[in-house]
Amino acid sequence: MEVVNKDYAEKRRRMVDEQIRGRGINDERVLRAMEEVPRHLFVPERMRERAYADEALPIGEVQTISQPYMVALMSECLELRGDESVLEVGTGSGYQAAVLSCLAREVYSVEIVEKIFLQAKERLAKLPGYENVCVIHGDGSAGYKKEAPYDRIIVAAAAREVPEKLLEQLKDGGILVMPIGGAFMQMLLRVRKIRGEFREESITSCVFVPLVEGL
Ligand code: SAH
């Protein structure tokens, strides 16, 4: 068991060097979080050997765990310092939530598919260190009013435009990151709320599963 864990730690270091630092992510806290979170425990057992590869992976229910680089990039875009409250829409495997847990004060992560929600909740509860993550079953396109407003919002599924409710639940001075576009290709957008106004910035093109809306 120990040997296996050491192997994974080595794979993780290489992943961070080659895929993350090597592609220009330089927020030290993000790099450290990516080096710490055991990504292989967030994929189905039969996929563990591929957990540190440079790709998104299927996690069941036609859903995916995002590519390591995309998780790092979105995390860096949020400019987290450690005292923020973060809303994540689309828990999926729970991997991005685990990374955010190392970077912020608290993370509220909403997942719409019950089976995926249950798996992620159980996984995060079992692993040590993610006590500041709260997983919620529901439609995150309406945000999560109970704990709003948030310093940061991250959406791991794509839509034509940013849902109004999410903009409402963002604090002034806050940042939202989300893929915006069509079904097969989107632009990762960063939106800053400054004195009630929204300033948008395009980060990179990307491909995410669609955000389910208006159920
Ligand atoms: N961040 C995840 C990847 C998420 S994949 C990870 O690190 O593994 C996108 C997820 O968004 C899927 O699990 C999908 O079921 C979920 N999703 C889609 N529409 C949603 C909605 N309206 N509210 C909450 N979750 C949603």
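**Helix α4 and its surroundings**

In this predicted model, helix α2 (residues 28-36) and helix α4 cross at roughly 130°, and their axes come within 9 Å. That angle makes α2 and α4 oblique to each other, and the crossing is right-handed. If you want to find the contact on screen, pick out Arg29, Val30, Ala33 and Met34 on the α2 side, and Tyr95, Val99, Cys102 and Leu103 on the α4 side. Sorted by class, the residues of this contact come out as seven nonpolar, one charged and no polar.

Now look at the other helix that packs on α4. Helix α3 (residues 68-77) meets α4 (residues 95-103) at an angle of about 40°, with the two axes 10 Å apart. Here too the pair counts as oblique, and the crossing is again right-handed. From α3 come Val71, Met74 and Ser75, while α4 brings Tyr95, Gln96, Val99, Leu100 and Leu103. This contact has six nonpolar residues and two polar ones, with no charged residue in it. Tyr95, Val99 and Leu103 turn up in the contact with α2 as well as in the one with α3.

How much of α4 is buried? Eight of its nine residues are, so the helix is largely enclosed by the rest of the structure. The buried ones are Tyr95, Gln96, Ala97, Ala98, Val99, Leu100, Ser101 and Leu103. Cys102 is not among those; it counts as partly exposed because its relative accessibility is 31%.

Carry on past the helix and you reach Ala104, in the loop between α4 and β4 (106-111). Ala104 is buried too, with a relative accessible area of 7%. What does Ala104 touch, leaving aside its neighbours within four places in sequence? Its contacts are Leu80, Gly82, Glu84, Val86 and Asn132. Glu200, for its part, is 96 residues from Ala104 in sequence, and the two C-alpha atoms are 23 Å apart in space.

Since Cys102 has come up, a word on the cysteines. How many disulfides does the structure hold? Zero. Take Cys77: the closest cysteine sulfur to its own is that of Cys206, and at 10 Å this is too far for a bond, given that a disulfide needs the sulfurs within 2.5 Å. Cys102 is in no disulfide either, with the nearest cysteine sulfur, in Cys134, 17 Å away. The surroundings of these cysteines can be put in numbers: Cys77 counts as buried at 6% relative accessibility, whereas Cys102, at 31%, is partly exposed.

A few spots in the backbone are worth a look as well. Most residues other than glycine have a negative phi, and most peptide bonds are trans. Glu79, in the loop between α3 and β3 (85-89), has a positive phi, near 50°. Its relative accessibility is 27%, so Glu79 counts as partly exposed. Arg195 also has a positive phi, near 45°, and is found in the loop between β8 (186-194) and β9 (197-206). With a relative accessible area of 72%, Arg195 is exposed.

Which peptide bond is cis? The one from Ala148 to Pro149, where omega is near 0°. You'll find Pro149 in the loop between β5 (133-137) and β6 (150-155).

Key. Residues numbered from 1 in each chain as written. Predicted model: local features only at pLDDT ≥ 70, side-chain atom pairs only at ≥ 80, totals over all residues. Heavy atoms only, no water. Buried < 20%, exposed > 50% of the residue type's maximum accessible area, 1.4 Å probe, protein only. Axes fitted to C-alpha atoms, helices over the stretch in contact; angles between N-to-C directions. Helix = DSSP H or I, 4+ residues; strand = E, 2+ residues; numbered from the N terminus. Parallel < 35°, antiparallel > 145°, perpendicular 65-115°, else oblique. Left-handed = near helix turned anticlockwise from the far one by under 90°. Contact = heavy atoms within 4.5 Å. Nonpolar A, V, L, I, M, F, W, Y, C, P; charged D, E, K, R; others polar.
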